[in-house]
Amino acid sequence: MPDTVRRRRDTPPPRTGSSEAEVLRGFLDYLRTSIAAKVEGAPEPQVRTAAVPSGTNLLGLLNHLTFVERAMFLGDDVTDWQATFRAAPADSVADVVARYRETVGRANDVLDGCTDLSAPLPRPRPGRPAPSVRWALTHMIEETGRHAGHADILRELIDGATGR
C-alpha cells in the first residue's frame with residue numbers, strides 16, 4: 001500500500017424528493033455513482049486481481065453490475081452469471097466504467113417511462129415474466145449496495161483509497 005492513502009470525500013446519502021419513486025431512484029443512482037467512482041482510476045493489474053479466495057475482483061464487480069442492469073431493465077438474457085464477474089482482458093478500466101455508465105443511462109431511460117411502481121417492468125422480449133418496477137428498483141439497490149461494499153474493501157486493499 002502506498003505511503004499516501006487517498007481518501008475520497010465521504011458523500012452522504014442523497015436528498016431525494018418525498019415520493020417512493022424519487023427515493024428509490026435517488027438511492028439507486030447514489031449507489032451506482034459510488035461503485036463507478038470506486039473502480040475509476042484503479043490501477044492495473046490489481047483492479048483485475050482477486051484479493052479473496054472466491055476470485056472476486058474490483059473490475060469484475062462493475063462488469064457484473066453492467067450485466068445485471070442490462071438483464072433487469074433492458075431485458076438482456078444472461079446465460080452464465082459467473083462469467084459476468086470477469087472483464088475481458090482487452091477491456092481497460094475506462095472501458096468497463098464507460099460501458100456501465102452507458103448502461104445505467106439506458107436503464108434510466110426505461111425507468112423514466114415507468115410511472116406506476118406496481119406495474120411490470122417493460123421488457124423488449126415478449127412472453128417473459130417481468131417483475132414490478134418497485135421490485136426491480138429494490139433489487140437493484142440491494143445488488144448494487146452489496147457489490148459497492150465489496151468494492152470499498154477491494155479498492156482499499158489495492159491502493160488504500162477510501163470514501164464513497
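Mentor: Before we look at this predicted model, one definition will help: a polar contact is a pair of N or O atoms within 3.5 Å, and within protein one of the two must be able to donate a hydrogen and the other to accept it.

Trainee: Which backbone nitrogen lies 3.1 Å from a polar atom of the side chain of Ser 19?

Mentor: That nitrogen belongs to Glu 22. Ser 19 itself is placed in the segment before helix 1, and with a relative accessibility of 31% this serine counts as partly exposed. Measures along the chain and through space can also be set side by side: Ser 19 and Thr 115 are separated by 96 residues in sequence, and their C-alpha atoms are 12 Å apart in space.

Trainee: Where is Thr 84 found, and is this residue buried or exposed?

Mentor: Thr 84 is in the loop between helix 2 and helix 3. Residues under 20% relative accessible area are called buried, so Thr 84, at 2%, belongs in that class. The side chain of Thr 84 is joined to that of His 64 by a polar contact of 2.7 Å.

Trainee: How many aromatic pairs does a search of the whole structure find?

Mentor: The search finds 1 aromatic pair, formed by Phe 27 and Tyr 30, whose ring centres are 6.4 Å apart and whose planes stand at 75° to each other. Because planes over 60 degrees apart count as edge-to-face, this pair is described as edge-to-face. Both residues belong to helix 1, where 3 residues, or about one turn of the helix, separate them. As for accessibility, Phe 27 is partly exposed at 31%, whereas Tyr 30 is buried at 12%.

Trainee: What sits over the ring of Phe 67?

Mentor: The charged end of Arg 70 sits there, 5.7 Å from the centre of the ring.

Trainee: What describes two packed helices?

Mentor: The description uses the angle between their axes and the distance between the axes. In this model, the axes of helix 2 (residues 58–74) and helix 4 (residues 133–159) come within 9 Å and cross at roughly 170°. Since angles over 145 degrees count as roughly antiparallel, helix 2 is roughly antiparallel to helix 4.

Trainee: Which classes of residue make up the contact of helix 2 with helix 4?

Mentor: Sorted by class, that contact has 13 nonpolar residues, together with 5 polar and 3 charged ones.

Definitions and conventions. Residues are numbered from 1 along each chain as its sequence is written. This is a predicted model: local features need pLDDT of at least 70, side-chain atom pairs count only at pLDDT 80 or more; totals for chains, interfaces and linings use all residues. Side-chain values use heavy atoms; hydrogens and water are left out. Rings of Phe, Tyr and Trp (its six-membered ring) pair if their centres lie within 6.5 Å; planes under 30 degrees apart count as stacked, over 60 as edge-to-face and the rest as tilted. Helices (H or I, at least four residues) and strands (E, at least two) are DSSP runs, numbered from the N terminus. Buried means under 20% relative accessible area, exposed over 50%, partly exposed in between (1.4 Å probe, protein chains only). A charge sits over a ring if NZ of Lys or CZ of Arg is within 6 Å of the ring centre and within 35 degrees of the ring normal. Axes are lines fitted to C-alpha atoms, for helices over the stretch in contact, and angles run from 0 to 180 degrees between N-to-C directions. Angles under 35 degrees count as roughly parallel, over 145 as roughly antiparallel, 65 to 115 as roughly perpendicular and the rest as oblique. Ala, Val, Leu, Ile, Met, Phe, Trp, Tyr, Cys and Pro count as nonpolar, Asp, Glu, Lys and Arg as charged, and the others, Gly among them, as polar.
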